[in-house]
Each structure stands twice: as C-alpha cells, then as structure tokens.
Amino acid sequence: MDILSAARAQMAVSLGFHMVLAATGIAMPLLMLMAEGLWLRTGQPHYHDLARKWAKASGLLFALGAVSGTALSFELGLLWPRFMGFAGGIVGPAFALEGFAFFVEAIFLGLYLYGWDRLSPLAHWLAGIPVALSGLLSGILVCAVNAWMQAPVGFELDHSGRLTNIDPLATFRSPFWLPIAIHSSLSCYIAVAFAVAGVYAAGLLRGRRDAYHRSGLTIAMTVATTTALLQPVSGDFSGRAAARHQPVKLAAMEALFDTQAGAPLVIGGIPDAASGELRFGIEIPYGLSLLAAHDPHAVIQGLNDFPPDEWPNVLWTHLAFQVMVGCGFALIGLGLWFWWARWRRGVEHRWLLRALVAGAPLGFVALEAGWVVTEVGRQPWTIYGLMRTADAVTPVPDVPISLALFSALYLGLGVALVGLLLRLARQGPPGAGATAVPEKGVAHAP
Amino acid sequence: MPLEDLVAGAGLVGVILYGVLGGADFGGGVWDLFAGGPRRDEQRAAIAHAMGPVWEANHVWLIFVIVLLFTAFPPAFAALSIGLFGVFHFVLLGVSLRGAAFVFRGPHVAHGEAGHWGTVFGVASVITPVLLGMAIGAVSASSFRVRDGQVQVAGATPWLAPVSLAIGALALALCAYLAAVYLTVETRGELQEDFRRRALLAGTVVVGLAALTLPLLKLETPHLWRGLLSIRAAPVVVTGVAAALLSGWALLRRRFRPARAAAIVQVSLLLAGWGLAQYPYLIYPDVTIQDSAAPPATLRFVLYSLPIGLVILVPSLWLLLRVFKTRQA
C-alpha cells in the first residue's frame with residue numbers, strides 16, 4: 001500500500017470513529033437535560049432513571065471521544081504535515097476556539113457525570129447546560145476548518161507560495177461554514193436520537209411496557225423528528241453552496257457528466273467515470289436544476305467541463321450521496337409514522353417498533369455517508385484548488401504500519417464499547433433493583 | 001518581548017499545566033498498577049475517586065499545547081510530526097488505551113473484577129509518560145535534523161537515544177511522585193501512609209534518575225547543559241531543586257499540604273527550566289521560535305484569545321476543583 005492511500009485510509013478510520021463519538025457528545029447532553037428537566041418538573045422517578053442511564057453511557061462515549069479527538073489533532077500533522085505546515089496559521093484559530101469550547105465541555109461534564117450527589121438537583125441540571133452548548137459549539141467551530149478546506153479564503157500567496165496577509169478568522173468567512181455547520185450539527189442529533197429511540201423500541205418489543213421505556217422513546221423521537229424534518233432545508237442550503245463553489249463535487253454527487261440546462265435529478269444508479277455513463281438511475285426531469293438553482297431551466301455544469309485529473313471518485317461520491325439522502329428520507333418517514341401512530345392509537349404497535357429498531361443505525365450511516373460526500377468529493381484536493389492531497393501527505397514510509405495499528409486499536413475499542421453499551425441497555429432502568437452497577441459510581445475513599 | 005516569544009511562553013505554561021495535572025493522572029495509573037498490601041483495593045478506589053471527575057479536563061491541556069503549536073509554529077509542528085512519527089503514534093496509542101480503559105473497567109476497581117481493562121489502564125499509564133518524556137528528550141538531543149524544510153531522520157527510532165530514555169524515565173518517576181503526593185492530601189489514616197511511602201519511594205527514584213540524567217545531558221546535549229547553567233535558566237532550576245528538597249522534607253514530617261504545593265512548584269520549575277534552557281529552539285539546532293512562527297496576525301489572535309478563554313475557564317476549573325477536591329464532611 002502506498003503512503004498516500006494508507007494516510008487517507010488512516011484519516012478515514014480515525015475521523016469515521018471519532019465522528020460517531022463526537023455526535024454523541026453533541027446530542028446526548030440535550031437528551032439528558034430533557035429527561036432530567038422533566039424529572040425536576042414532574043418528580044416522576046423514571047425520568048431521573050433515564051437521565052442517569054444516559055449519563056452512564058455518555059461517560060463511556062465522551063472519554064473515547066476525547067482520546068480519539070486528541071489522536072486526530074496529532075494525526076493532522078502525522079499524516080498531513082505539509083498541509084499543517086502550510087495552513088496551520090490559518091486553520092489553527094478555529095481549532096483554538098474549539099479547544100476552549102471542548103475545555104468547558106470537559107469541565108462541566110466532570111461536574112455533571114460525577115456530581116449527582118454533590119450538587120443540588122437544580123445545580124446539577126444547570127451544569128448540564130454548558131455541556132450541551134459547548135458540545136454543539138465545538139462541532140460548529142471545527143466545521144469551519146473543513147469549510148475553509150472546501151473553499152479557502154482570507155489570505156494571499158507570496159512569491160515562494162507561502163500564505164501571507166492572513167486573516168486569522170478566515171475559516172469563518174468560508175461560504176461553506178454555515179451550510180456545513182448546520183447540516184452536520186443536525187445530523188448529529190438525528191443519528192444519536194434515532195439510535196436511542198431504537199434502544200427503547202427494542203425494550204418495548206420485549207414486553208417492557210413501562211413509563212421508563214415509553215418516555216425514553218418519546219424524548220428521543222421528539223429530538224429525532226424535529227431535526228430530521230429540518231435537515232432537508234439545510235441540505236438544500238448545502239447543495240446550493242456546492243453548486244456555486246464546488247460545481248465539480250455537485251456533478252459527481254449527481255453523476256452528471258454533460259453540462260446541461262434543465263438537468264434531471266438522478267436517484268440511485270451506478271456511474272462509470274471511464275465511459276461517462278450512468279446506469280440504472282431513475283431520472284426526475286428538471287429536478288437537479290430546480291434543487292441546485294431553484295430554476296427548472298438553470299444550466300448545471302457536468303464533470304466533462306473539468307479536467308479528469310480534478311474529478312473526485314465519481315462512484316463513491318455519487319453512491320455515498322444516494323445513501324445519505326436515502327437514509328435521511330427513510331428517517332423522516334419513520335419519525336412521521338411514529339407521531340401519527342402516537343396520535344391515532346399509541347406507539348406500541350409491533351411493526352412500528354420493529355421499524356424503529358431497524359432504523360436505529362441509519363442516522364449514523366447517513367452521517368458517515370455525508371462526510372464521505374464532503375471529503376471524497378473534495379479530492380484530489382486537501383485545500384480545494386490550492387493544495388493537492390498527494391502534496392500534503394507525509395514522507396514517512398511507515399504509514400501502512402500506523403494504519404494497521406490504529407485500525408486494530410479502533411476496532412478493539414469499538415467492539416468493547418458496543419458490548420458495554422448493549423449491557424447497559426439490557427440492564428433496564430437503574431432504579432429497578434435488578435441492575436448490577438452500583439448507583440454511586442466509584443467507591444469513595446475513607 | 002517579541003510576539004512569538006510570548007506565544008511560546010503560553011505554550012510552555014500549557015506544557016507545565018499538563019505536567020502537573022495530566023502527569024498526576026498518569027501517576028495515578030502507575031499506582032493502580034502497583035497497588036499492593038492489605039489495602040490494595042482501597043488504594044485503587046482512592047485513585048479512581050481522585051481522577052474520575054477531573055482527568056478529562058486535565059487531558060485537554062495536551063490538546064491545548066498541540067493546537068497552540070500548530071497554530072503559532074506550523075513548520076515546527078510539521079517537522080515534529082515527521083521526525084517523531086513513531087513516538088507520537090505510540091503516545092496516542094497509550095493515551096487512547098489509558099482513557100478508554102479507565103472508563104471501560106467501570107466502578108469495579110478491584111482488579112479481579114476490573115478484568116483486563118484494569119491492567120490495560122495501569123500499563124498504558126506507565127508507558128505513555130515515558131514516551132512523552134522521550135519526545136521532549138528527542139527535540140533537545142538533535143535526534144533529527146531539519147534542513148531546507150526537509151526532515152532528516154537518522155535511523156528508524158531517533159528517539160531511542162540515551163538522553164531520551166533518561167528523560168522518559170524521569171518523567172515517569174515525576175508523574176508517580178506527583179500522584180502519590182496529591183493522594184496523601186486526599187486520603188486519611190493508613191491509606192495516607194501507603195501513599196506517603198509511595199511518594200517517598202518515587203521521590204528517591206526522581207533524585208537518583210536526576211543524578212544520572214545530568215551528566216548525560218552534559219555529555220550528549222552540551223547546548224542544553226549550557227542552557228540550564230545560563231543566567232536565564234539557572235535560578236529557575238535551582239529554585240526547582242530547592243522545592244524538590246522542601247517537598248521531600250515536608251513528606252517526611254507529614255506536612256502533606258505543603259508537600260503538595262512544593263511538588264507542584266518543583267515540577268513546574270523543572271519544565272520551565274527545560275523550556276528556558278532550550279530557548280530559542282523548538283527543535284535543536286534547526287528550528288527556532290522565531291523562524292517557525294506563524295504570521296503576526298495569527299500570533300496576535302492566539303495571544304488575545306487566551307485571556308478571553310481564561311475568563312471562562314478559570315472560574316469553571318475553580319468550580320470543578322471546589323466541588324470534587326474539597327473533602328466531604
């Protein structure tokens with residue numbers, strides 16, 4: 001395996017792993033705050049049980065998120081030293097601000113996870129608010145770095161090709177920042193909330209028809225459905241930004257080879273970059289022009305307008321985009337089905353619960369697929385139009401070894417994490433008495 | 001004072017805070033691994049209790065240092081990432097396994113129940129500070145060179161030089177010392193005596209390793225040796241040594257709070273002395289603070305954002321420590 005492929009694979013493994021944990025870091029605090037807030041208002045103990053259970057799961061997830069995030073901050077240099085040497089001074093400020101947000105998150109997370117017995121109920125709930133806000137904020141801030149890599153602004157190049165006249169806040173001026181930050185934040189809530197809903201749907205399916213499981217499902221589905229319904233609006237915003245600033249990526253997402261007016265929207269299909277054809281796709285006339293430019297007759301640039309050595313991998317970009325959109329709409333349907341059922345005859349309907357269990361991983365699939373669209377779709381560039389990925393990569397020949405090491409590490413940690421989370425889920429409410437985990441957390445020193 | 005020196009100084013403060021806070025968490029893992037005697041499980045419980053709420057916040061200082069490095073000194077970060085490719089990957093492996101194992105083993109800290117994760121936690125806590133110390137040694141020992149932006153590494157493991165190994169061992173001993181001293185303040189009775197004995201043992205090892213490292217520095221890294229003796233660094237180092245002796249004496253007399261304060265000063269000043277001796281080099285002898293600094297606009301951003309960030313962080317950290325580090329009635 002050559003260095004470049006190995007480095008891209010290691011980045012994909014590390015980012016793909018961290019992304020799942022980062023999403024939980026953004027969304028779980030909101031769910032905990034809702035459950036604990038309901039407990040404070042109603043005094044019903046099953047809300048407290050839910051918040052405790054989610055805090056326990058979050059303790060595992062956040063720790064892994066913190067260490068895999070640390071790994072990424074090093075890997076930016078370990079894998080892409082020329083990128084960081086070139087652009088550190090311009091992407092660094094966004095990371096620095098994210099660092100502050102993450103710091104606040106870590107501090108209040110310590111208070112929240114370990115402070116159940118040390119803080120008053122209200123103070124404890126209040127300690128959760130900075131966790132939820134700074135989690136969201138760090139995601140939004142770090143998206144600015146990616147946005148800048150998609151559409152670099154705020155600098156000049158000097159005669160030796162180095163960045164000069166840098167605007168330290170350049171990353172926040174990239175036209176992609178808002179679209180990416182909104183789309184990515186929503187996708188974190190969608191992924192986590194549907195996954196949590198699946199856990200409680202599974203409990204209900206097994207006959208645990210109690211307030212604990214019903215409320216767990218309802219809280220999760222409230223967040224899940226709200227965010228899932230907002231996502232197409234944000235997706236439209238993102239798509240139009242791509243049409244304006246990265247037309248070659250949009251063409252690859254849609255597998256549009258020839259520039260045309262009134263371009264159709266393609267659903268599914270397998271593109272063949274060599275022959276420039278798309279097979280088995282379903283075309284919706286004028287669909288793409290309508291979506292990308294809000295005008296059915298707008299001209300959309302095709303891949304053939306760009307030199308082939310500036311194309312991303314069309315197959316991957318197109319398929320990942322189809323997977324993302326497919327999962328997204330499936331989840332919207334699932335959310336609407338849930339609330340309709342709740343309104344009409346109650347949610348304890350076997351097929352709905354089965355669908356919720358089946359839908360549990362789809363949000364994470366959509367999240368990962370969306371990042372494949374963004375990142376693979378940016379290739380062959382690390383900084384769009386400015387630095388090719390092949391020029392950013394490390395010269396160190398040992399990357400295949402580090403790739404194997406990190407793949408094994410994350411596989412092992414991932415398997416262990418899933419095992420522990422499943423055990424937590426099966427134990428049911430912490431107050432039920434059947435649980436083997438002591439309530440107080442760690443034993444206390446004398 | 002030039003802008004880049006101020007930012008480098010902030011980075012050194014970050015290294016020191018990671019040393020005295022994060023370092024003690026590694027030390028906690030060391031004493032978890034070597035817990036023994038009739039109160040073995042109680043020792044482990046005390047360590048877990050002390051670390052639980054704070055270790056993630058302490059860990060953020062490492063991220064702070066890395067982010068500051070690549071923001072303010074991008075070419076230095078790039079060169080370190082190439083020259084220390086191997087050791088950094090092993091550090092990350094250690095950091096990941098330590099953090100994951102600490103939460104995976106759950107509240108069952110007695111090793112029979114904690115299972116393999118308990119062992120992983122201890123072993124990773126021993127290895128990681130050694131590797132971090134070796135990385136510090138490597139940037140001082142010119143174990144790789146940077147010429148015209150190209151990093152030249154001699155051999156596959158340039159960080160395996162004697163000086164690196166000695167500094168790695170010293171780092172481990174200091175982490176173990178800090179943790180044991182902190183734990184004497186957070187425990188009572190026989191458990192407190194257990195940690196006092198451990199602190200005295202680690203302190204003795206620190207003195208021994210320091211005595212071994214100093215002549216090695218003189219032989220292998222004469223520039224660092226001269227730096228340590230310079231008017232810039234020498235007073236800091238001498239005060240650090242005095243603090244070390246003071247903390248040892250306070251431990252002997254069972255004055256645990258002064259011992260903790262002196263130990264913090266000791267480690268802070270040793271790291272500060274290293275930074276001052278190393279000045280103006282980030283990587284000796286090819287990369288200096290000045291010639292690897294980012295453009296002034298970026299440096300100013302970093303410098304001005306620090307006090308704003310601290311206005312939020314300091315009260316938050318104070319609250320965290322107040323809630324968890326003041327003894328319950």
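Here are some worked exercises on a predicted model with chains A and B.

**Exercise 1. Helix H10 of chain B**

Task: Compare the expected span of helix H10 (residues 234-252) of chain B with the distance between its end C-alpha atoms, and find out where its buried residues lie.

Solution:
- Start with the length. H10(B) has 19 residues, and at 1.5 Å a residue these should span 27 Å. The end C-alpha atoms are 27 Å apart, so expectation and model agree.
- Next, pick out the buried positions. They are Val236(B), Val237(B), Gly240(B), Ala243(B), Ala244(B), Ser247(B), Gly248(B), Ala250(B) and Leu251(B).
- Now look down the helix axis. The buried residues of H10(B) fall within an arc of 160 degrees, so they line one face of the helix.
- Then ask what that face meets. The buried residues pack against four helices of chain B: H7 (162-186), H8 (189-220), H9 (222-229) and H11 (256-278).
- Finally, step past the end of the helix. H10(B) is followed by Arg254(B), which has a positive phi of about 60 degrees although it is not a glycine. Arg254(B) lies in the loop between H10 and H11 of chain B. With 11 other C-beta atoms within 10 Å, Arg254(B) is exposed, since the cut-off for exposed is 12 or fewer.

**Exercise 2. Helix H2 of chain B**

Task: Decide whether helix H2 (residues 40-51) of chain B is largely enclosed or not, and name the helices its buried residues pack against.

Solution:
- Check the span as before. The 12 residues of H2(B) reach 17 Å from first C-alpha to last, close to the 16 Å expected at 1.5 Å a residue.
- Count the buried residues. They make up 10 of the 12, so H2(B) is largely enclosed by the rest of the structure.
- Read the names with care. Among the buried residues are Ala45(B), Ala46(B), Ile47(B) and Ala48(B), but also Glu42(B), Gln43(B), Arg44(B) and His49(B).
- Identify the partners. The buried residues of H2(B) pack against helix H1 (3-33), helix H3 (55-72), H7 and H8 of chain B.

**Exercise 3. A hairpin in chain B**

Task: Describe how strands S1 (residues 144-147) and S2 (residues 150-153) of chain B are joined.

Solution:
- Begin with direction and pairing. The two strands run antiparallel and are joined by 4 bridges.
- Find a facing pair. Arg147(B) stands opposite Gln150(B) in S2(B).
- Examine the turn. S1(B) and S2(B) form a hairpin with 2 residues between them, and Asp148(B) in the turn has a positive phi of about 50 degrees.

**Exercise 4. Ala135(B) and the nonpolar core**

Task: Place Ala135(B) in the structure and work out whether it is buried or exposed.

Solution:
- Locate the residue. Ala135(B) is in helix H6 (residues 111-140) of chain B.
- Apply the neighbour count. Ala135(B) has 21 C-beta neighbours inside 10 Å and counts as buried, because the cut-off for buried is 20 or more.
- List its contacts. Leaving aside neighbours within four places in sequence, Ala135(B) touches Leu84(B), Val87(B), Val91(B) and Trp159(B).
- Add a pair that is separated in sequence. Ser164(B) is 29 residues away along the chain, yet the C-alpha atoms of Ala135(B) and Ser164(B) are separated by 7.1 Å.
- Widen the view. The largest nonpolar core has 294 residues, and Ala135(B) is one of those with the most contacts inside it, along with residues including Leu31(A), Ala193(A) and Tyr177(B). H3(A) gives the most to this core, with 23 residues.

**Exercise 5. The contact of the two chains**

Task: Say how many residues each chain gives to the contact, and which element of chain A gives the most.

Solution:
- Take the totals. Chain A contributes 62 residues and chain B contributes 60 residues.
- Name the elements. On the side of chain A that touches chain B, those giving two or more residues are helix H2 (45-79), helix H3 (81-114) and helix H13 (399-426) of chain A.
- Rank them. H3(A) gives the most, with 23 residues.
- Sort by residue type. This side of chain A divides into 41 nonpolar, 17 polar and 4 charged residues.

**Exercise 6. Backbone details**

Task: Which residues are joined by the cis peptide bonds that lead into Pro380(A) and Pro280(B)?

Solution:
- In chain A, the bond joins Gln379(A) and Pro380(A), with omega about 5 degrees. Pro380(A) sits in the loop between helix H11 (362-376) and strand S9 (381-383) of chain A.
- In chain B, the bond joins Tyr279(B) and Pro280(B), with omega about 0 degrees. Pro280(B) sits in the loop between H11 and strand S3 (281-283) of chain B.

Definitions and conventions. Residues are numbered from 1 along each chain as its sequence is written. Chains are lettered from A and ligands numbered from 1 in the order in which they are written. This is a predicted model: local features need pLDDT of at least 70, side-chain atom pairs count only at pLDDT 80 or more; totals for chains, interfaces and linings use all residues. The expected span of a helix is 1.5 Å times one less than its number of residues. The arc is that of the directions from the helix axis to the C-beta atoms. Two residues are in contact if their C-beta atoms, placed from the backbone, lie within 7 Å. Two strands pair if DSSP finds at least two bridges between them. Ala, Val, Leu, Ile, Met, Phe, Trp, Tyr, Cys and Pro count as nonpolar, Asp, Glu, Lys and Arg as charged, and the others, Gly among them, as polar. A nonpolar core is a set of buried Ala, Val, Leu, Ile, Met, Phe, Trp, Tyr and Cys residues joined through C-beta atoms within 7 Å.
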